[in-house]
Amino acid sequence: MQIPGQKVFFGPELLAQIQDRFYYVHEDYLGRKRQFFENSGGSLRLKAAVEAKARLEMIPDCPERVHDTSMMLKRVKENGVRDIMQVIFGAKSGALVTELTASQVMFQITRTILENAPGTNVVTTSIEHPSAYDSAQFYAQRTGKEFRVAMANPSTGGVDLDKILSKIDKDTALLSVMSASNISGYIFDIEQIATEARKINPEIYIITDAVQHMPHGVLDVEKCQLDGANIAPYKAFGIRGCGYGYVSERVAKMPHHKLLAKPEQEWELGTFPHPNFAAISAVVDYVCWLGRHFTDEQDRRKLFVCGMKHIHQQEHSLLIHMLEGTSEIPGLRHIPGVEVYLDSPDTVDRDLISAIGIQGLDYTQATAEYYKRGITVFERVRSSLYSKRIVESLGLTGVIRVSPLHCHGPADIEDFLKVTTELAKQYVK
């Protein structure tokens, strides 16, 4: 078990193999050298996922037929559904929700629960992604339920357990809490939150926005007693144009959008693209390949979990490297004029995100200056509809969000730190 502050990186040979499996790790589409540290906006693409989708997109055949090609496409979908439900979500029952985006999935799940579940109020947090926050607020109002918000802790970048529990009572219909913040990287202890929430109301429905956390850590909807969760493949080495969700047995049976002749627990409308299922299976194949370097397990879920744990270990090490640096290259915590927001020693084990500012440099301008120097990052500022509520609830006006990926190495982080030091020297008065 890795301890906070300890660096355990992938070996050079394995890291080289990992990087070879992704497009554009060290240069962009136009051939310009750069470090892509904006993976929270859409991660680097796994070659196998893109190629799997492209290969199957050439096939015109409908999977709802009985000839060989159609049967093959049906198996692709079946494998994809199994990979999403059993391997990624860790689900033993329930149903798969498929939409064009993870945001649509969240609205669909939230709507179904709040239109059918008993209760008089809905609880969420102030730092949720708009798709989770807005869907909870919209359907709370539409169904006549009180909307309650647990406020963030600006010192940790998360929301304290007691703040969440204080909003829950015996009449709470739904609790919606993200798995990890897409600005601070704070990882919520969903299992503990769910356990304590059900001590207050055993019948409460609990869902999580897992979009941010899925590329960085293990999801387990059974262990965490969840009724719903969503993921976005384009933020997890995969492709755009699809979002997936899990719903528990009791949610799956609720009235929801479906063709009336379909089974009770069917949540798919129309013929969903089989290439998308091939792409998500390619992502699972990759994580299992990584897991095989560290375990002799053959079970696909266990291999996937092992791979994700080592991804988290690599990213934890990169985070410490980025914050602390080396004896020759100072980390973010040690560069004069650089502010590391939402940073404290007890929250260092979080997703690989750092929210920073450089004195004398506007956040948007900073993003542009980083880009000129071959570093892609992104600003999260209160003028953005996606960021305003979140950054303000954290006591900020904005941040520069730095989000590398496990396929980066220490040298990549050092490139970023050198540029940051250069910017600080230039703009800090």
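**Buried residues and helix crossings in a predicted model**

Ser-403 is located in the loop that joins β13 (398-402) to α13 (410-427), where helices (H or I, at least four residues) and strands (E, at least two) are DSSP runs numbered from the N terminus. The model is a predicted one, in which local features need pLDDT of at least 70 and side-chain atom pairs count only at pLDDT 80 or more, whereas totals for chains, interfaces and linings use all residues. Residues are numbered from 1 along each chain as its sequence is written, and side-chain values use heavy atoms, with hydrogens and water left out.

With a relative accessible area of 1%, Ser-403 is buried, a term that stands for under 20% relative accessible area, while exposed stands for over 50% and partly exposed for values in between (1.4 Å probe, protein chains only). Once neighbours within four places in sequence are left aside, Ser-403 is in contact (heavy atoms within 4.5 Å) with Phe-36, Phe-37, Glu-38, Asn-39, Ser-40, Leu-352 and Ile-353. Of these residues, Ser-40 offers its backbone nitrogen, which the side chain of Ser-403 reaches at 3.1 Å.

Helix α13 has 18 residues and spans 26 Å from its first C-alpha to its last, close to the 26 Å expected at 1.5 Å a residue, the expected span being 1.5 Å times one less than the number of residues. The buried residues of α13 include Phe-416, Val-419, Thr-420, Leu-423 and Tyr-427, and these residues meet Gln-365, Glu-369 and Tyr-370 of α11. The axes of α11 (residues 363-372) and α13 come within 11 Å and cross at roughly 125 degrees; axes are lines fitted to C-alpha atoms, for helices over the stretch in contact, and angles run from 0 to 180 degrees between N-to-C directions. The two helices α11 and α13 are therefore oblique to each other, since angles under 35 degrees count as roughly parallel, over 145 as roughly antiparallel, 65 to 115 as roughly perpendicular and the rest as oblique. The crossing of α11 and α13 is right-handed, meaning that the near helix is turned clockwise from the far one by less than a right angle, anticlockwise being left-handed.

A second helix pair is formed by α4 (residues 102-116) and α5 (residues 130-142), whose axes come within 9 Å and cross at roughly 30 degrees. That angle makes α4 roughly parallel to α5, and their crossing is right-handed. Among the residues that meet here are Met-106, Phe-107 and Leu-114 in α4 and Ala-132, Ala-136 and Tyr-139 in α5. Ala-132 is also one of the residues touched by Ser-176, together with Val-123, Thr-124, Thr-125, Glu-128 and Ile-207, residues up to four places away in sequence not being counted. Ser-176 itself belongs to strand β5 (residues 172-176) and is buried, with a relative accessible area of 1%.

Two residues other than glycine have a positive phi, namely Gln-225, at about 60 degrees, and Phe-237, near 75 degrees. Gln-225 is found in the loop between β6 (205-209) and β7 (228-231) and is partly exposed, with a relative accessible area of 32%, whereas Phe-237, in the loop between β7 and β8 (243-247), counts as buried at 1% relative accessibility. The loop between β7 and β8 also holds Cys-242, which is buried, with a relative accessible area of 3%. Apart from neighbours within four places in sequence, Cys-242 is in contact with Glu-99, Leu-100, Thr-101, Pro-233, Phe-272 and Asn-276.

Technical notes:
Polar contact = N/O pair within 3.5 Å; in protein donor to acceptor, adjacent residues only side chain to side chain.
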